[in-house]
Amino acid sequence: MTTTIPVLETKRLILRGPEPQDYPNFKATFSSYRSRFMGGPLNPYESWMLYAAEIGHWQIRGYGMWMIHDRESGRTLGMAGGWFPAQWPEREIAWIIWPEVAGRGYALEATHAARRYFYETLGWDGAVSYIDPKNLDSIRLAERLGAKRDDGAATVDGNDVCYRHPAPADLVSSQIADGIALEIASYTDPLFKPEGYALD
Amino acid sequence: MSAPLLTSDNVTLRPHRQSDFDAYWTFFRSPRAQYMDLPADASSAWYGFASEVGSWDLVGQGGWAIETPDGVLAGQIAVTQPPHFPERELGWFLLDGFEGRGLAYAAGVLARDWALAQPNAATLVSYIHRDNTRSIRLAERLGATLDPAAVIFDVGDVVYRYHEEAAA
């Protein structure tokens with residue numbers, strides 16, 4: 001029953017299963033204020049249990065959260081993937097980026113690849129993201145991924161908002177698909193390159 | 001790695017499946033769980049459950065489902081050492097209706113012998129609430145002895161220590 005966790009590769013990133021040596025980086029973020037919208041900050045036991053659960057999720061569900069690595073340096077940047085513990089109404093696509101590397105489009109690039117894997121390889125017909133309404137960065141990311149707020153959907157515990165991702169067909173040759181590809185590309189090859197700064 | 005399959009005439013220890021969870025969650029909300037550290041809600045309970053599975057990959061030990069010889073889920077047993085445990089622990093619970101049939105003892109023998117045979121030479125104890133007389137009795141039947149000097153993380157607990165010569 002052991003699940004072999006697939007490796008996903010994107011332009012800048014490699015997504016691998018969570019491994020023991022990645023734990024200190026996970027613990028650093030989940031012990032910090034950064035994790036306040038993901039049930040944190042966690043104490044050492046909660047942090048250890050959640051990391052073991054990240055790995056167990058793969059074995060139990062056959063999918064889960066990948067550790068995001070920088071392709072060049074190998075360092076970890078955060079996590080992205082699927083999340084479906086007890087009490088979750090639907091399968092979730094989730095993400096977290098370590099605070100020191102936020103703002104570089106890593107979550108978009110990783111989540112986009114994870115969602116494509118779930119849709120194209122596992123045959124999911126859709127997914128949601130449950131987001132704290134105060135977590136504006138994640139709400140913006142959900143919207144950049146084409147997800148729309150679904151107030152009619154069940155939530156985890158009433159303190160979160162459900163964002164519903166586009167169905168697989170809506171991500172083929174569509175404006176949203178092109179927009180995501182364009183934005184991801186712009187992180188390595190910006191559309192607008194400043195050629196200098198005006199000096200007064 | 002996943003949990004190794006361990007069997008004897010009286011019991012089977014096997015890796016967890018998602019279908020085990022509902023029975024465990026029912027257990028945690030019942031009086032039978034009165035001596036355990038209780039999860040706050042179903043998702044916390046599931047994280048604990050999933051961590052018993054993922055623990056095998058992370059540290060080479062973790063939890064098993066206890067099954068009767070005819071394949072009915074009867075409880076859980078685990079060899080584990082989360083950060084707040086001073087030593088490696090053998091812990092267990094039986095679901096309602098499975099007590100008194102020797103299942104916990106048979107499971108304890110398999111898990112204890114597995115743990116003591118591991119090459120890491122780590123110690124093995126059970127942290128048991130001092131009022132949990134049934135589990136204290138079981139630890140004693142498994143050859144563990146009360147260690148009043150052992151470090152505890154919960155002042156309500158007593159510590160029972162397993163000895164290699166007890167495993168045969």
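# A guided tour of chains A and B

Begin by selecting chain B, in which there are four helices and eight strands; as you look, keep in mind that this is a predicted model. If you follow chain B from its N terminus, the elements come in the order β-β-α-α-β-β-β-α-β-α-β-β. The radius of gyration of chain B is 15 Å, close to the 15 Å that the globule rule gives for 168 residues, so chain B is as compact as a globular protein of that length. Turned along its principal axes, the C-alpha trace of chain B spans about 40 × 35 × 35 Å. Colouring by accessibility would mark 53% of the 168 residues of chain B as buried. If you then consider the contacts in chain B with a separation of 6 or more, residues 24 or more positions apart account for 63% of them.

Next, select chain A, whose secondary structure comes to five helices and eight strands. Read along the sequence, the elements of chain A follow the pattern β-β-α-α-β-β-β-α-β-α-β-β-α, and you can trace them in that order on the screen. A compact globule with 200 residues would have a radius of gyration near 16 Å, and the 17 Å of chain A agrees with this. The C-alpha trace of chain A spans about 60 × 35 × 35 Å along its principal axes, and of the 200 residues of chain A, 50% count as buried. Among contacts in chain A between residues at least 6 apart in sequence, 64% join residues at least 24 apart.

Now show both chains together and turn to the place where they touch. How many residues does each chain bring to the contact? Chain B gives 26 residues and chain A gives 23 residues. The area buried between chain B and chain A is about 2,100 Å², and carbon and sulfur atoms give 77% of that area. Select Trp46(B), Tyr47(B) and Leu58(B) next, since these are a good place to look: together they supply 32% of the area that chain B buries against chain A, more than any other three residues.

With the interface still in view, consider its polar side. The count of salt bridges between chain B and chain A is zero, whereas four residue pairs are found in polar contact across the interface, with both residues at pLDDT 80 or more. Which element of chain B gives the largest share of the side that touches chain A? That element is helix α2 (residues 42-59) of chain B, from which 15 residues of this side come. Sorted by class, the side of chain B that touches chain A has 13 nonpolar, 11 polar and two charged residues.

Stay on helix α2 of chain B and pick out Ser55(B), which is found in that helix. Is Ser55(B) buried or exposed? Ser55(B) counts as buried because its relative accessibility is 1%, under the 20% cut-off. Leaving aside neighbours within four places in sequence, Ser55(B) is in contact with Trp48(A) and Ala52(A) from chain A, and with Gly60(B), Gln61(B) and Gly62(B) from chain B.

Move back to chain A and select Ile93(A), which is found in strand β5 (residues 92-97). Ile93(A) is buried, with a relative accessible area of 0%. Apart from neighbours within four places in sequence, Ile93(A) has contacts that include Gly81(A), Thr111(A), Arg115(A), Phe118(A), Trp124(A) and His165(A). For a view along the chain, add Leu182(A) to the selection: Ile93(A) and Leu182(A) are 89 residues apart in sequence and 21 Å apart in space, C-alpha to C-alpha.

The last stops concern the backbone. In chain A, select Gly40(A) and Pro41(A), which are joined by a cis peptide bond with omega about -5 degrees; Pro41(A) has its place in the loop between α1 (23-30) and α2 (44-61) of chain A. Go on to Ser173(A), which lies in the loop between β8 (161-164) and α5 (175-188) of chain A. Although Ser173(A) is not a glycine, it has a positive phi of about 50 degrees, and Ser173(A) is exposed, with a relative accessible area of 74%.

Finish in chain B with Ala121(B), found in the loop between α3 (103-116) and β6 (124-129). Phi of Ala121(B) is near 60 degrees, a positive value in a residue other than glycine, and Ala121(B) is exposed, with a relative accessible area of 65%.

How values were computed: Residues numbered from 1 in each chain as written. Chains lettered and ligands numbered in written order. Predicted model: local features only at pLDDT ≥ 70, side-chain atom pairs only at ≥ 80, totals over all residues. Heavy atoms only, no water. Contact = heavy atoms within 4.5 Å. Buried area = accessible area lost by both parts, 1.4 Å probe. Salt bridge = Lys/Arg side-chain N within 4 Å of Asp/Glu carboxyl O. Polar contact = N/O pair within 3.5 Å; in protein donor to acceptor, adjacent residues only side chain to side chain. Helix = DSSP H or I, 4+ residues; strand = E, 2+ residues; numbered from the N terminus. Nonpolar A, V, L, I, M, F, W, Y, C, P; charged D, E, K, R; others polar. Rg over C-alpha atoms; globule rule 2.2 N^0.38 Å. Buried < 20%, exposed > 50% of the residue type's maximum accessible area, 1.4 Å probe, protein only.
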